[in-house]
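Subject: Handing over the model, with notes on what was found

Dear colleague,

Here is the structure I promised to pass on to you. Please keep it open beside this message while you read, since the notes that follow go through it piece by piece.

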Amino acid sequence: MEDRRSARIGTVSGLALLAGGTAVAAIAGGSHSIFATILLGLLALGMSHSLLVEIRRQARRWAPGGWGRADTVNAVLLGCWAEAALILTILEAGPVPVRVVGGLLAAAYAGSCVYFVTERRRALAARVTTELEGEALEDRVPARPSL
């Protein structure tokens, strides 16, 4: 089923930053109880899942022009977040758990960027293939009765 939503830029980037910020807060938030740390970690996992669902929706949406400006901006922003997380992980002289979370965030942002680009290219290729097959199928499939 195709998604006819419009292109969105802020949701993908916002969810990525919220998930990352919550993950860092779970580890480096100060003197949390174990329950607060677990709750923040679960919240970060939930937002990560929401991010993946939004990436999938944005990548598989129908767009008449194919790859558009919003797609480029989403991919560039995810790449920038990956680079920023990696730079902060390397340059920040913080505790080891914070640096580990920063490294994981850098890998997750980079993976999200690759996932978005791959899914978007697949969706566009499938759309072109379906349109080309649809023209050939029109000749073979009988027309529906008109009302």
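Helices, as the word is used here, are DSSP runs of H or I with at least four residues, numbered from the N terminus, and by that rule Gly102 has its place in helix H4. Please bear in mind throughout that this is a predicted model, and that the values below were computed from it.

The overall plan

The chain contains four helices and zero strands, so that, under the DSSP rule for helices and strands, the order of elements from the N terminus on reads α-α-α-α. Of the 147 residues in the chain, 26% count as buried, and the accessible surface comes to about 9,600 Å², with 67% of that belonging to carbon and sulfur atoms. If you consider the contacts in the chain with a separation of 6 or more, 80% of them are accounted for by residues 24 or more positions apart.

The nonpolar core

In soluble globular proteins, nonpolar side chains tend to be buried together. In this model the largest nonpolar core has 18 residues, and those with the most contacts inside it are Leu51, Ile55, Leu78, Tyr109 and Phe116. The elements that give two or more residues to this core are helix H1 (10-28), helix H2 (34-60), helix H3 (69-91) and helix H4 (96-140), with H4 providing the largest share, six residues. To follow one of these core residues outward, you could select Leu51, which, once its neighbours within four places in sequence are left aside, is in contact with Val12, Leu15, Ala16 and Ser112.

Two places along helix H4

Gly102, already mentioned, is buried, with a relative accessible area of 11%, and it touches Ala85 and Thr89 when residues up to four places away in sequence are not counted. Gly102 and Gly21 are 81 residues apart in sequence, while in space their C-alpha atoms are 10.0 Å apart. Leu124 also has its place in helix H4, and, again not counting residues up to four places away in sequence, Leu124 touches Gly66 and Trp67. From C-alpha to C-alpha, Leu124 and Gly66 are 6.3 Å apart in space, although 58 residues separate them in sequence.

The salt bridges

Side chains of opposite charge can pair when their charged atoms come close. A search of the whole structure finds four salt bridges, and three of them are worth going through with care.

In one of the salt bridges, the side chains of Glu119 and Arg60 meet at 3.0 Å, N to O. Because Glu119 lies in helix H4 and Arg60 in helix H2, this pair ties together parts that are 59 residues apart in sequence. Glu119 counts as buried at 9% relative accessibility, whereas Arg60 is partly exposed, with a relative accessible area of 45%.

Glu119 also takes part in a salt bridge with Arg122, in which the closest N and O atoms are 3.4 Å apart. Both Arg122 and Glu119 lie in helix H4, three residues apart, which is about one turn of the helix, and Arg122 counts as exposed at 56% relative accessibility. Arg60, Glu119 and Arg122 are thus linked in a network of salt bridges.

In another salt bridge, the side chains of Arg120 and Asp71 meet at 3.0 Å, N to O. This pair links distant parts of the chain, with Arg120 in helix H4 and Asp71 in helix H3, 49 residues apart. Are these two partners buried or exposed? Arg120 counts as buried at 0% relative accessibility, and Asp71 is buried, with a relative accessible area of 0%.

The cysteines

A disulfide is a covalent bond between the sulfur atoms of two cysteines. How many disulfides does a search of the whole structure find? The search finds zero. The sulfur of Cys80 is 9.0 Å from the closest cysteine sulfur, in Cys113, which is too far for a bond, because a disulfide needs the two sulfur atoms to lie within 2.5 Å. Cys80 is partly exposed, with a relative accessible area of 36%, while Cys113 is buried, with a relative accessible area of 16%.

With best wishes

Note on methods
Residues are numbered from 1 along each chain as its sequence is written. This is a predicted model: local features need pLDDT of at least 70, side-chain atom pairs count only at pLDDT 80 or more; totals for chains, interfaces and linings use all residues. Side-chain values use heavy atoms; hydrogens and water are left out. Buried means under 20% relative accessible area, exposed over 50%, partly exposed in between (1.4 Å probe, protein chains only). A nonpolar core is a set of buried Ala, Val, Leu, Ile, Met, Phe, Trp, Tyr and Cys residues joined through side-chain atoms within 4.5 Å. Contact means heavy atoms within 4.5 Å. Accessible areas come from the Shrake-Rupley method with a 1.4 Å probe; for residues, only the protein chains shown count as cover.
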